[in-house]
Amino acid sequence: MEINSEANSAPSAIIDKALRTAMSAGWEVRGTTSPNPPVGAVMVSTAGEIVGTGATQPAGGAHAEVQALAEAVGRTDGATAVVTLEPCRHTGRTGPCTQALIEAGIQEVYYLHSDPNPEAGGGAEALREAGVNVTQLSAPEGMPDALIPWLKSVQLGRPHVTLKFAQTIDGFTAAADGTSQWITGEMARQYVHEDRAHRDAIIIGTGTALTDNPSLTARFPDGSQREHQPRRVVIGRRRLADVGENASNLNRLGFEQYAKIDEALQELYASGARDVLVEGGAGLASGFMNAGLVDWVQVYQAPLLLGEGISVLAHPLTNTLKGAARFSRGQVVALGDDLLINYVRVPRNASPHKP
């Protein structure tokens, strides 16, 4: 981890530990904070001890810094704050975090990402003007960063999109007879449920909705539902209300339906969604890919060979290697005999980055 300052008084090992703790706290609240970012914050006392940890609460609730300050009450004078996002300086539904830090007597602030929001940004400068030492950090190696989808969403003006699918070693999502349950093992399937609980929405196509009649809930191994449930979205021109016995169940579960991909993303962003997961169907996957709307890909790879079957995509994206959509490999997770491989879309003429 690089510390870009010559005026640091806290040992770098303590700051590194605090940053990792803050990043873990932010990771835990993913999916519950939108449209606000999932920020983590840690307070380090003058003795070098972590005395407060906080994370962004659901919209309208306390920000991460305020949560951490509350836990560290009485031990913040002269202390250090380590935050995953530059503290905000504006007053919205809550007060500015910069002012809370100043009033608590914080003397040093370390942050990971600059705030891209013009209204909230500029907190680092406001803190410096108040006499607080401020340093921007680089991310520690190997730590998952909950803020990347939110930051990308702000940049794009639409939700960050992850395309998820399970496939065999030879690249098929289902056998030639259409069967696909289950390609992956139990551990991978439970990981999917954990991941769902950290998303703002799950998107499928009408074909998947009508064929599989999915609930798209985030569940524990015993079948009970997790506390946070993502919004459930169907994209397609066929109205669910007109298509038979599955329609009543899908409507009962509160599925939102949109005719087109761009319409869905526009409405989801306007209503606060920042991080969405596309789960279903080769046709829908092709639509997102052809529109250039896939930012990350999650591949659950099972140790199976079919030789023939149904492909991930229903339509070709290009007929040349030069025209192929390119991704860089991010985190790889072993889930029993299966692998989860995360990939990040590489923009043309840009260097790759990892999640």
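**Exercise 1. In this predicted model, are E279 and K164 buried or exposed, and which parts of the chain does their salt bridge link?**

Solution.
- Step 1: Start with the surroundings of the two residues. Both E279 and K164 are buried.
- Step 2: Check the distance. The closest N and O atoms of E279 and K164 are 3.8 Å apart, and the cut-off for a salt bridge is within 4 Å. The pair therefore counts as a salt bridge, since its 3.8 Å satisfies that cut-off.
- Step 3: Place the partners. K164 belongs to strand β6, while E279 sits in the loop between β11 and α10; the two are 115 residues apart, and the pair links distant parts of the chain.

**Exercise 2. Where do D275 and R199 lie, and which network do salt bridges that share partners form?**

Solution.
- Step 1: D275 and R199 form a salt bridge whose closest N and O atoms are 2.9 Å apart.
- Step 2: Along the chain, D275 is found in strand β11 and R199 in the loop between α6 and β8, with 76 residues from one to the other.
- Step 3: Now classify each partner, using under 20% relative accessible area as the mark of a buried residue. R199 has a relative accessible area of 4%, so R199 is buried. D275, at 11% relative accessibility, counts as buried too.
- Step 4: Look for shared partners. K164, R196 and E279 are joined into one network by salt bridges.

**Exercise 3. Why does the pair R158 and D295 tie together parts that are 137 residues apart in sequence?**

Solution.
- Step 1: The model has eight salt bridges. One of them joins R158 to D295, with 2.9 Å between the closest N and O atoms.
- Step 2: The answer lies in the two loops. R158 is in the loop between α5 (147–156) and β6, whereas D295 is in the loop between α10 (282–290) and β12, so the contact bridges 137 residues of sequence.
- Step 3: For accessibility, R158 counts as buried at 13%, and D295 counts as buried at 8%.

**Exercise 4. D115 is buried: what is its nearest side chain of opposite charge, and which backbone atom does the side chain of D115 reach?**

Solution.
- Step 1: Find D115 in the loop between β4 (108–113) and α4 (123–129).
- Step 2: Search for a charged partner. The nearest side chain of opposite charge belongs to R89, 8.7 Å away, and D115 has no salt bridge.
- Step 3: Turn to the backbone. The side chain of D115 reaches the backbone nitrogen of N117 at 2.9 Å.

**Exercise 5. Which strands pair with β4, and how many residues of β4 are buried?**

Solution.
- Step 1: On one hand, β3 and β4 run parallel and are joined by five bridges. Within this pair, V82 stands opposite Y110.
- Step 2: On the other hand, β4 and β5 (residues 133–136) run parallel with four bridges. Here V109 faces V134.
- Step 3: Count the buried positions. Six of the six residues of β4 are buried, so the strand is largely enclosed by the rest of the structure.
- Step 4: For a contrast, visit V73, in the loop between α2 (64–71) and β3 (80–85). V73 has a relative accessible area of 63% and is exposed. Its C-alpha atom is separated by 8.2 Å from that of G52, 21 residues apart along the chain.

**Exercise 6. What is the strand order of the open sheet of eight strands, and what covers the buried residues of α6?**

Solution.
- Step 1: Read the sheet across. The order is β10-β9-β8-β11-β6-β12-β15-β14, and the pairing is mixed.
- Step 2: The edges are β10 (256–258) and β14 (327–335), each of which pairs on one side only. From one strand to the next, the twist averages 25°.
- Step 3: Take one pair inside the order. β12 (residues 296–301) and β15 (residues 338–345) are antiparallel over six bridges, with V297 opposite Y343.
- Step 4: Add the helix. The buried residues of α6 (residues 186–196) include A188, V192 and R196. Their cover includes β6, β8, β11, β12, β14 and β15.

**Exercise 7. What percentage of the 355 residues of the protein chain count as buried?**

Solution.
- Step 1: The chain has ten helices and 15 strands.
- Step 2: Of its 355 residues, 47% count as buried.
- Step 3: For contacts between residues at least 6 apart in sequence, 72% join residues at least 24 apart.

Terms used:
Residues are numbered from 1 along each chain as its sequence is written. This is a predicted model: local features need pLDDT of at least 70, side-chain atom pairs count only at pLDDT 80 or more; totals for chains, interfaces and linings use all residues. Side-chain values use heavy atoms; hydrogens and water are left out. Buried means under 20% relative accessible area, exposed over 50%, partly exposed in between (1.4 Å probe, protein chains only). Lys and Arg count as positive and Asp and Glu as negative; His and the chain ends are not counted. A polar contact is a pair of N or O atoms within 3.5 Å; within protein, one must be able to donate a hydrogen and the other to accept it, and residues adjacent in sequence count only if both atoms are side-chain atoms. Two strands pair if DSSP finds at least two bridges between them. Axes are lines fitted to C-alpha atoms, for helices over the stretch in contact, and angles run from 0 to 180 degrees between N-to-C directions. Contact means heavy atoms within 4.5 Å.
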